[in-house]
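Me: Please take a close look at one part of this model, a single helix together with whatever packs against it. Then follow the chain outwards from there and describe what else can be said.

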Amino acid sequence: MDHAPATPRWNLERPYLTGRFYQEAKAAAATQGPGSKPFYLDPYSRGAGTGSGSVIGSYAVSVQELFVIDDLLSALVGIEGRYISIKKVRGKDGYVVFQIDSSMDLALQELTRRIFPLCENFVLVSQFVESRSHFKNGLVNHALVAALRAFLLDYQAMVAQLEHQFRLGRLSVQGLWFSCQRMMSSMNALAVLVEKATSNNTSGSATLNLLQSQAKAMGGDSAVRSLLEKMAECASGAYLRMLERWVYEGVIDDPYGEFFIAENKSLQKESLTQDYDAKYWQQRYSLKDGVPSFLTNVAATILTTGKYLNVMRECGHNVQVSLSENSKLMSFGSNHQYLECIKSAYDFASGELLTLMKDKYDLIGKLRSLKRYLLLDQGDFLVHFMDIAREELTKKPEEISTEKLQSLLDIALRSTAAASDQSHEDLTCCVERSSLLKKLTTLKDLDCAYPSDKLVAADVDQTMQLSITGLETFYLSYKVLFIAFKENSVFRPVKILGTPILRSSILCGNMLKFVNSLLHYLTFEVLEPNWHLMHDRLQTARSIDEVIQIHDFFLQKCLKECLPPELLMKVEKLKSLCLQYATSIQLLIPSIEVSNPDKISKPGKSRSRINKLQEKDQQLKLVSENAVMSESILKFEAAFNSELQSLVPTLSRSSQAEPYLTHLAQCILGMRMDQ
C-alpha cells in the first residue's frame with residue numbers, strides 16, 4: 001500500500017468534485033461583505049422578489065411551508081438553503097448539523113427537524129464515498145464505495161422526483177416527511193456503518209467483518225438487513241477474486257495488502273539445503289491477523305491449497321484447477337457454495353502434489369535411501385570410508401577439506417554394495433563447526449528437561465578435555481565411537497606381552513560392549529520399529545501435510561526414545577572417556593611394533609656389539625613406557641567403570657517412567673554383571 005498511486009491534486013482542490021462545495025460556497029459568500037447578495041445555486045427557486053434579507057417568520061404559514069420545502073430539497077443533497085444552514089462539527093471531519101431559522105412556525109420546525117437526520121447522514125455517507133475512493137484504501141473499500149455510490153444515485157433520484165412533485169404543487173411538508181420514511185432507516189444504517197469504518201480505519205477483511213456484523217445486528221429490519229447484505233456481497237467481490245486466484249492458481253494478487261495470506265519473499269527454497277529446520281514451508285506463506293469471519297473455519301485449508309500449487313510450480317510442474325461456472329467464487333451467501341469450491345480446489349491440489357511426489361520424485365524410494373545411509377541400514381560403505389578418510393578426519397574441523405571428504409565418500413560408495421542404489425550420488429558429507437551437545441541446543445523439537453545453558457556448559461568442559469576433530473563433527477551422534485574402537489582392533493592378533501596390554505584389551509572389550517549395546521538399542525529397538533510404522537502410514541497418506549506430520553512424528557519419537565536428556569549427559573561423558581582412551585592408546589602401537597619378533601632382525605655372526613647395546617636400550621625404554629601406560633590405563637579403567645555404575649541407577653529410574661528404555665537398561669545391567 002505504500003506504493004499506491006497518488007490522488008491528483010485537482011481531485012482534492014475542486015469543490016464540486018469533493019462534495020464540499022456547500023462549505024466552499026458559504027465561505028465565499030461570507031467574504032463578499034455585509035451588503036453583498038448571497039450566492040445560491042438555483043436562482044429560479046431562491047431570491048425571486050422575496051426580499052432575501054427578511055426572516056421567514058414575517059411570512060404567512062403557507063408561504064413559510066413553500067420556503068421550507070424548497071430548502072429541504074436542497075438540504076437532502078447537502079446544499080444550504082435560504083433559511084436552513086449547515087454547520088460543521090468541530091473536531092469531526094465530515095460531520096455536519098443542519099440548523100433552521102428560529103422564527104419559523106413551530107409546527108413546521110418540528111417536521112423539518114425530523115428530516116434533518118436524513119440530510120446529515122447523506123452528507124456523512126457522501127464524504128465517506130469521496131474519501132475512500134483513493135487508491136490507498138484498497139480494493140474492498142473501492143467495491144464498497146461503488147455500491148454506496150449506486151445507492152446514493154437512487155437516493156438522489158428520489159429527491160429529484162420529490163422536487164418534480166414540488167414544481168407541480170403537489171408536495172407538502174407532511175408528504176415530504178412521509179416519502180422519506182423508507183429511506184431514513186437505510187441511510188441511518190449506512191451512516192452508522194461508515195462512522196465505524198472511519199473511526200477504525202478499516203480495510204480488507206476488517207471491512208467485510210464490519211459489514212457482516214452490522215447486517216446481523218439489523219435482524220429486526222429485513223429491508224435494512226438486505227441492504228447491508230447487498231453491500232457486503234458487493235464489497236466481497238474483489239476479495240473473492242483474490243481468493244479465487246489463490247486457491248485455483250496459487251498466486252497472491254493483492255496490490256494493497258488486504259488478503260489474509262502473507263508472502264515472505266525473503267525465504268527461498270534453497271534454504272532447505274542449508275538448514276533442516278528452515279521455515280520455508282511454514283513461513284513462506286502464512287496467515288495474517290484479521291481473517292474474514294466467513295472464512296475462519298477454512299482459512300487453514302485455503303492456505304494449504306495455495307501452498308500445494310506453489311510447490312508444484314517451484315518443481316516446474318505447472319498446474320491449474322479447471323474452472324467452470326459452478327466453481328467460480330461469486331459470493332459467500334447462505335448456500336455455502338464457496339465452501340464446496342474451496343474443498344474441491346483443496347482435494348485437486350492435494351491429490352496432484354501427492355501423485356507428483358510419489359510418482360515423479362519417488363518419495364518412498366528417497367526415504368528408503370535415507371534410511372540406508374543415515375540410519376545405518378547398510379553400513380559397509382561407512383567402514384570403507386572411515387578407513388580411507390582417517391587421515392583427513394583426524395584434523396581440526398576448520399582444517400578439513402570438505403571437497404576431499406566428498407571425493408573419498410564417492411569412492412567408498414562406488415566400491416561397495418551402495419553402488420547399486422540409484423540415489424547414492426545424492427549422498428553428501430559436511431563438517432560441523434560445533435559438537436553434538438551444542439547442536440542439540442538448537443533443536444526446537446527436543447523436549448529437553450535441562451536448560452540449554454547446562455548442555456553448553458557440559459560441552460565446554462568436554463571440549464577442554466578433548467580437542468574436537470573431524471571424527472567428532474562429521475558423524476551423527478555415536479558413530480564416532482565405533483570408529484575409535486575400529487582403530488583398536490589391531491590388538492587382537494598380537495600376543496599379550498605384559499600387564500598393560502592385558503588391561504588395555506579388557507578395557508577395550510568393555511567399551512566395545514557398551515558401544516555395541518547402545519548401538520543395538522538405537523538401531524533395532526528405536527529406529528527400525530519406528531521406521532516401519534512411518535512407512536506403513538505413508539502408504540495411506542492423502543496429502544502432503546499428512547506426510548509431513550507422519551515424518552515429523554517419526555523424527556520426534558526417535559529423538560525422544562534414543563536418548564532422553566537426563567541420560568544424554570552421562571552417555572556424553574562415557575563417550576568422551578572412550579575417545580580419550582582411543583587417542584592415548586595409540587602410543588602403544590609403535591611399542592608393539594618394536595617388540596614384534598617378526599620385525600626384529602635375527603642375531604647373527606655379523607651382528608656388532610653396538611647393535612646389541614642399541615637393542616638393549618630400546619627394550620629398557622619400552623619397559624619405561626609400559627609403566628607409564630599402565631598407570632594411564634588404570635585411570636581410564638577406573639573412570640569408565642565409575643561413570644558406567646552411575647549410569648545404571650539413572651537408567652533404571654528412567655525405564656520405569658519410559659518403558660521403551662527397558663531394553664537399554666537390560667543391556668547395560670547385563671554388561672555390569674559381566675564385569
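Reply: What follows starts with helix 6 and its surroundings and then moves to other parts of the chain.

The model is a predicted one, and side-chain atom pairs count only at pLDDT 80 or more. Helix 6 covers residues 138-167, which is 30 residues. From its first C-alpha to its last, helix 6 reaches 43 Å, close to the 44 Å expected at 1.5 Å a residue. Just after helix 6 comes Gly169, with a positive phi of about 75°.

One side chain of helix 6 takes part in an aromatic contact. The structure holds 12 aromatic pairs. In one of these, the ring centres of Phe122 and Tyr155 are 5.0 Å apart and the planes meet at 25°, so the pair counts as stacked; the cut-off for that label is an angle under 30 degrees. Phe122 belongs to helix 5 (residues 106-131) and Tyr155 to helix 6, so the contact links parts of the chain that lie 33 residues apart. Both Phe122 and Tyr155 are buried.

Helix 6 also packs against helix 8, which spans residues 181-200. Their axes are 12 Å apart, at an angle of about 150°. Because angles over 145 degrees count as roughly antiparallel, helix 6 is placed in that class relative to helix 8. The crossing of the two helices is left-handed.

Helix 5, which carries Phe122, offers a further point of interest in Leu108. Leu108 is buried, at 7% relative accessibility. Its C-alpha atom is 9.9 Å from that of Ile69, a residue 39 places away along the chain.

Two arginines are placed over aromatic rings. Arg114 lies over the face of Trp177, 5.8 Å from the ring centre. The charged end of Arg82 sits over the ring of Phe67, at 5.1 Å from the centre of that ring. Phe67 is also a member of an aromatic cluster, which it forms with Tyr59 and Tyr83. The ring of Phe67 therefore has a part in an aromatic cluster as well as a charged end over it, given that a charge counts as over a ring within 6 Å of the centre and within 35 degrees of the normal.

Beyond helix 8, the chain enters the loop between helix 8 and helix 9 (205-217), where Asn201 is found. Asn201 has a positive phi of about 50° although it is not a glycine. With a relative accessible area of 54%, Asn201 is exposed.

Asp362 can be set beside Asn201. Asp362 also has a positive phi of about 50° without being a glycine. Its place is in the loop between helix 13 (337-360) and helix 14 (363-374). At a relative accessible area of 40%, Asp362 is partly exposed; the exposed class begins over 50%.

After the loop that holds Asn201, helix 9 packs with helix 10. Their axes come within 9 Å and cross at roughly 165°. This makes helix 9 roughly antiparallel to helix 10. Helix 9 passes helix 10 in a left-handed crossing, and the crossing of helix 6 and helix 8 is left-handed too.

Helix 10 spans residues 222-249 and includes Val247. Val247 is buried, with a relative accessible area of 1%. The C-alpha atom of Val247 is separated by 5.2 Å from that of Gly306, although the two residues are 59 apart along the chain.

Two buried residues further along the chain show similar links. Gly470 lies in helix 20 (residues 470-474) and counts as buried at 0% relative accessibility. Gly470 and Glu399 are 71 residues apart in sequence, with 9.0 Å between their C-alpha atoms. Met534 is in helix 22, residues 499-539, and is buried at 3% relative accessibility. Between the C-alpha atoms of Met534 and Ile550 the separation is 6.4 Å, with their positions 16 residues apart along the chain.

To return to the part requested, helix 6 is in contact with helix 5 through the stacked rings of Phe122 and Tyr155, and packs roughly antiparallel to helix 8.

Terms used. Residues are numbered from 1 along each chain as its sequence is written. This is a predicted model: local features need pLDDT of at least 70, side-chain atom pairs count only at pLDDT 80 or more; totals for chains, interfaces and linings use all residues. Side-chain values use heavy atoms; hydrogens and water are left out. Helices (H or I, at least four residues) and strands (E, at least two) are DSSP runs, numbered from the N terminus. The expected span of a helix is 1.5 Å times one less than its number of residues. Rings of Phe, Tyr and Trp (its six-membered ring) pair if their centres lie within 6.5 Å; planes under 30 degrees apart count as stacked, over 60 as edge-to-face and the rest as tilted. Buried means under 20% relative accessible area, exposed over 50%, partly exposed in between (1.4 Å probe, protein chains only). Axes are lines fitted to C-alpha atoms, for helices over the stretch in contact, and angles run from 0 to 180 degrees between N-to-C directions. Angles under 35 degrees count as roughly parallel, over 145 as roughly antiparallel, 65 to 115 as roughly perpendicular and the rest as oblique. A crossing is left-handed if the near helix is turned anticlockwise from the far one by less than a right angle, and right-handed if clockwise.
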